[in-house]
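Visitor: Please show me the model, and let us then discuss its architecture by question and answer.

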Amino acid sequence: MGDSGVKQLPVTVISGFLGAGKTTLLKHILQSEQTLRIAVIVNDMGRINIDGRFIKRKGEPANTLIELQNGCICCTLRGDLVKQIAELSASGGFDYIIIESSGVAEPIGVAETFAIDAEDVNDGVADKSGGPSLSDMARLDCMVTVVDGYSFMSDMRTRDIAKERWGDEFNEDGNRHITDLLTDQVEFANIILINKMDMLTEEQRLSVRSQIKALNRGAIIVDTNYSKIPVESIINTGLFNFEDARTATGWLRELKGDPRPPETQVFGISSFVYRRRRPFHPKRFQEVSTKMTENEKIVRSKGFVWLATRNDCYGDWNQSGAVAVLSCGDYWFAELPEDSWGSTDPEFIKNVKAEFSSDAALGDRRQELVIIGIGLNQKEVEDLLDTSLLTDEEMTLGPQKWKELTDPFEVWDIDNGDDDDDDETNVSHAN
């Protein structure tokens with residue numbers, strides 16, 4: 001029971017691309033010998049392809065299918081999802097909820113829905129004077145991502161965007177790169193099912209497992225064919241914890257200095273943090289970033305970038321396989337008065353100041369990039385990135401002259417709040 005006394009329904013969210021095997025997994029769950037009364041919520045941009053006989057079976061337990069269409073539950077249909085879960089909980093007729101998200105849904109956006117109060121939904125599911133929140137009615141139990149093992153490697157190397165592959169019906173996330181979406185779905189998962197493994201050689205299987213383990217150290221990885229797994233392995237697991245999920249990504253753990261698990265050595269996974277206290281020449285960095293996306297040994301890289309032409313703010317660097325994006329970040333703390341740092345917490349202030357250089361002119365400006373790959377040559381990658389750094393002669397010119405350097409990246413209008421990664425006017429693709 002939740003704090004309000006309302007029955008708290010556990011929820012499993014299934015993510016994955018179209019054709020990966022999400023619906024096959026759902027059919028397998030509903031056909032299995034289990035006694036739970038399961039409500040299924042399907043967020044499919046296209047036509048629902050679950051045969052009704054698998055949903056409305058004769059006898060008990062009774063299952064129900066709810067379709068949420070014309071939008072994505074991680075954004076425009078979030079309110080509809082909240083209302084449906086609230087109604088299912090209030091009915092008392094179900095023991096469990098399974099949500100099959102659309103192929104372009106971001107798992108973290110779906111998970112964040114469970115932090116929304118039902119009273120925030122327009123039709124007032126809960127009384128504003130203290131009615132139950134969604135977390136009282138439902139408990140996010142597990143995030144499952146189904147990966148198409150056969151196409152995984154090519155999807156990580158493609159530069160296609162979603163609407164090029166699946167059509168304009170994906171109007172919300174249609175401009176996102178396939179590789180970027182796939183990385184999001186893999187990184188934010190408790191369990192990753194690698195489907196269609198029977199179609200791969202043993203060498204290919206090892207390569208796929210290696211890249212997925214590099215992206216998400218903490219996930220349980222299961223090889224499957226036709227999405228067949230023991231149902232109990234993804235239901236009532238108790239695996240999901242929001243804070244753990246947010247910090248489970250390989251790049252963030254590397255940045256924090258967490259030790260890599262022993263199995264990463266078997267897969268040949270390695271990672272390091274590239275740190276320098278010198279700005280990049282924008283033109284040279286653009287050329288280097290293209291080479292990084294062409295290096296198949298680099299699976300992921302992410303972090304802060306300091307461009308010489310933009311000395312007052314940093315760029316957010318985000319590379320997934322063959323696609324890299326440099327977008328507007330925020331002002332360096334050195335550019336802001338301390339009372340504008342966003343927090344007065346002593347520990348926060350201490351951590352910020354720890355990033356400052358002993359050279360007052362540098363402040364907290366730096367390059368800080370996490371590089372994750374398979375069979376990486378660290379020195380080779382570091383030497384490549386070092387070619388982007390300003391030379392000693394260029395450093396003597398100073399910040400005012402640096403502004404005159406050739407800068408091929410798009411303008412960042414940070415003062416107007418245009419720092420959204422999805423705003424194409426502030427996103428520069430490296431390739």
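Visitor: In which sense do E10 and E11 pair, parallel or antiparallel?
Guide: In this predicted model, E10 spans 313-320 and E11 spans 323-331. Two residues lie between the strands of this hairpin, where Gly321 takes a positive phi near 60 degrees. Cys313 stands opposite Tyr331 in E11. Seven bridges join E10 and E11, and the sense of their pairing is antiparallel.

Visitor: Is E11 largely enclosed or largely open to its surroundings?
Guide: A residue is buried when its relative accessible area is under 20%. Seven of the nine residues of E11 meet that condition, so the rest of the structure leaves this strand largely enclosed.

Visitor: Which elements give two or more residues to the largest nonpolar core?
Guide: This core has 23 residues, and those with the most contacts inside it include Phe280, Phe285, Val305 and Leu326. Nonpolar side chains tend to be buried together in soluble globular proteins. Two helices and five strands need to be named here: helix H13 (282-294), helix H15 (378-386), and strands E8 (269-276), E9 (298-305), E10 (313-320), E11 (323-331) and E12 (367-374).

Visitor: Which residues outside its sequence neighbourhood is Phe285 in contact with?
Guide: Phe285 is among the residues with the most contacts inside the largest core. Its neighbours within four places in sequence are left aside here. The contacts of Phe285 are then Phe280, Val305, Leu307, Trp317, Leu326, Leu385, Ser388 and Phe409.

Visitor: How many residues does the other core have?
Guide: This core lies apart from the largest one. Among its residues are Val82, Ile85, Phe94 and Phe188. Its count is 21 residues.

Visitor: Why is the pair of Tyr274 and Phe280 classed as it is?
Guide: The model has 11 aromatic pairs. In the pair of Tyr274 and Phe280 the ring centres are 6.4 Å apart, within the 6.5 Å limit for a pair. Their planes meet at 15 degrees, and planes under 30 degrees apart satisfy the criterion, so the class is stacked.

Visitor: Are Tyr274 and Phe280 buried or exposed?
Guide: Ring pairs link Tyr274 and Phe280 with Phe285, Trp317 and Phe409 into a cluster. Tyr274 has 0% relative accessibility, and the value for Phe280 is 0%. Because buried means under 20%, Tyr274 counts as buried, and Phe280 also counts as buried.

Visitor: Which ring has Arg310 over its face?
Guide: A charge over a ring requires CZ of Arg within 6 Å of the ring centre. Arg310 lies at 4.5 Å from the centre of the ring in question, which belongs to Trp412.

Visitor: Is Tyr226 buried or exposed?
Guide: Most residues other than glycine have a negative phi. Tyr226 has a positive phi, near 55 degrees, and lies in the loop between strand E7 (220-223) and helix H10 (242-246). With 60% relative accessibility, Tyr226 counts as exposed.

Visitor: What is the relative accessible area of Lys196?
Guide: Lys196 is found in the loop between strand E6 (191-195) and helix H9 (202-215). Its phi is positive, near 65 degrees. Lys196 is partly exposed, and its relative accessible area is 23%.

Visitor: What share of contacts between residues at least 6 apart in sequence joins residues at least 24 apart?
Guide: The protein contains 17 helices and 13 strands. Of its 431 residues, 52% are buried. For the contacts in question, the share is 75%.

Terms used. Residues numbered from 1 in each chain as written. Predicted model: local features only at pLDDT ≥ 70, side-chain atom pairs only at ≥ 80, totals over all residues. Heavy atoms only, no water. Phe/Tyr/Trp six-rings, centres within 6.5 Å; stacked < 30°, edge-to-face > 60°. Buried < 20%, exposed > 50% of the residue type's maximum accessible area, 1.4 Å probe, protein only. Lys NZ or Arg CZ within 6 Å of the ring centre and 35° of its normal. Helix = DSSP H or I, 4+ residues; strand = E, 2+ residues; numbered from the N terminus. Contact = heavy atoms within 4.5 Å. Core = buried A, V, L, I, M, F, W, Y, C linked by side-chain atoms within 4.5 Å. Pairing = 2+ DSSP bridges.
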